[in-house]
Amino acid sequence: MATLEKVQAEVGADSDADKDSGKNTGEEESISTISHDVSAGEADPSETVKLIDAEEQLYPTPLEPIQAPAVGEQPALTGGMTLQELESIALQNNPAIQELAASTQKAAGYREQVTTRPNPTVGYQGQQLADRGTDQHLAYVEREFVTANKLELNNRVLNATLAAQLQELEAQRFRVRTDIQIRFYQALALQRQLDLINEFSQVAEKGVDFAKQRMDAGEGTRVDILQSKILLNEVQLTQRQTRAKLAAVWREIGAISGVPEMQYSKLQGTLPSESGIVDWEGMATNMVTSSPEYAAAHDRISRAYALLERQEVQPIPNMAVQLGAGVDYGTNSGMMNIQVGVPLPITNKNQGNIDAAHAEICRAQMEAQRIKNAIEERLAVVSREYDTATAAIDLYSNQILPSARESLDLANQAYKAGEVGFVQILLARKTFFTTNLQYVDAQAQLAGAQSKIDGYMLTGGLNSVIDDSGDSGLRDQTFSQQ
């Protein structure tokens, strides 16, 4: 079987020819993998995928047991797995990529099959065998000669099919990358939030102790203690919920990567803190023209036109030629026979297939238009996410967070001066804590929107894939002449 690199090179060469012709544990960082061996410095997201053969499917490599994030430990942002490493693992193990790689090789096999010429037929013929002394014996060879360049037209149809499958494979790689990036930044944000929660939890615990001390000294009230405990309980609840979310996101990453049992590892990276103004109309135009999803649709239009041209020459008959040589014992001399035959396209002129090919052109064009509109619609949704996240980050970083910090400082000073009560201090602390978590949420939203833009709005790394690899039916049609 041809390798994927050979397939890509061949389809590129054939396309050029057509143009010329005018057509947490927090401490465990190792992960278990199935079929990858990539170091941090060698990871290449565009690396050719490795197909899994039948034996590997029946007898898969044993995997280490899953280690989910421990409830009592905090993930950290430093010294962990990077986005590039996760992408590399996913691109090599994602089953949908493997599936599309196999369908691409199927298309390459069909393309090779539809261009092969027919095998010659050899045989023996005997006549008048019961009439002694007049029997004739003949050895012959028969060959069908294809007319109207049908085999080359077959190649053009299947080459466009293969080109479309290669684009679908590239689109699937973008889907997997985008899904991994979105989950990576979600997990990174949850790690950051857990750090903030851990810091504030210590503050809340000290607040409860302080409220009890003031109560014992006769300066505080039971209300102060209850309010302090409520704040601490809310922080603890948020901590448990955030850990649960992080564990779920990690399981998503493992599933998309094709390694569900992958051991949890800390993530290393940064969240965006600023962004620029985007020309969404200009981006929509560039997005459509550069999208592999749209390119695949145009390859299918090319295939439809090639198929129409192929069906139009189908009525032109092939020529079957038979040449024989032997001996005639009746005349005691040698003999040679030649026979030529062609089917007459009288009742079957392939009109049905020609009409269907015209309809396929219309369908393929409308499919390309649908994909174009779908890309623009998805970009409109992402633009809303991007702009709202940008606005939130700008407001939080420039106004809300500084104001919350100043409010907390002033409340502390006023409390020391006896101007406000203990409850006001708790409210100021809660406001500062909540705004910091919301700021991280906005950062994660912006990172997710940017990931979708970078991936041409292609998501769904585990959705069912398009297997439009075709078949070898055109070759059967070529030689059946019907």
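Which residues line the largest cavity? The legends below take up this question first, and they describe a predicted model.

**View 1. The lining of the largest cavity.** In this predicted model, the largest cavity is lined by Phe200, Val203, Ala204, Gly207, Ser228, Leu231, Leu426 and Arg429, and its volume is about 30 Å³. Helices H5, H6 and H10 each contribute at least two residues to this lining, and H5 gives the most, with four residues. Sorted by character, the lining residues are five nonpolar, two polar and one charged.

**View 2. An aromatic pair between helix H6 and the loop that follows.** Of the six aromatic pairs counted in the model, this view shows the one formed by tryptophan 250 and tyrosine 264, which is edge-to-face, with 5.0 Å from centre to centre and 70° between the planes. These two values are given because a pair of aromatic rings is described by the distance of the centres and the angle of the planes. The pair links distant parts of the chain, since tryptophan 250 belongs to helix H6 (residues 222-257), while tyrosine 264 lies in the loop between H6 and helix H7 (280-290), 14 residues apart. Tryptophan 250 has a relative accessibility of 3%, and it therefore counts as buried. Tyrosine 264 is buried as well, because its relative accessible area is 1%.

**View 3. The largest nonpolar core.** This core has 52 residues, and those with the most contacts inside it are Leu86, Ile180, Trp250 and Leu267. At least two residues of the core come from each of helix H3 (83-93), helix H4 (95-113), helix H5 (150-216), H6, helix H9 (351-416) and helix H10 (422-454). The helix that gives the most to this core is H5, with 14 residues. As a general background to such a view, nonpolar side chains tend to be buried together in soluble globular proteins.

**View 4. Another nonpolar core.** Apart from the largest core lies another one, made up of 33 residues, and its members include Ile361, Ile375, Tyr456 and Met457.

**View 5. Two arginines placed over phenylalanine rings.** In one of the two places shown here, arginine 143 lies over the face of phenylalanine 145, at 5.9 Å from the centre of the ring. In the other place, the charged end of arginine 177 sits over the ring of phenylalanine 174, and the distance to the centre of that ring is 5.4 Å.

Conventions
Residues are numbered from 1 along each chain as its sequence is written. This is a predicted model: local features need pLDDT of at least 70, side-chain atom pairs count only at pLDDT 80 or more; totals for chains, interfaces and linings use all residues. Side-chain values use heavy atoms; hydrogens and water are left out. Rings of Phe, Tyr and Trp (its six-membered ring) pair if their centres lie within 6.5 Å; planes under 30 degrees apart count as stacked, over 60 as edge-to-face and the rest as tilted. Buried means under 20% relative accessible area, exposed over 50%, partly exposed in between (1.4 Å probe, protein chains only). A charge sits over a ring if NZ of Lys or CZ of Arg is within 6 Å of the ring centre and within 35 degrees of the ring normal. A nonpolar core is a set of buried Ala, Val, Leu, Ile, Met, Phe, Trp, Tyr and Cys residues joined through side-chain atoms within 4.5 Å. On a 1 Å grid over the protein atoms alone, a cavity is a set of points where a 1.4 Å probe fits but cannot get out, and a pocket is an open set with protein on both sides within 12 Å along at least five of seven lines; lining residues have an atom within 4 Å of a point. Grid points are joined across faces, edges and corners, and a volume is the space filled by probe spheres set on the points. Ala, Val, Leu, Ile, Met, Phe, Trp, Tyr, Cys and Pro count as nonpolar, Asp, Glu, Lys and Arg as charged, and the others, Gly among them, as polar.
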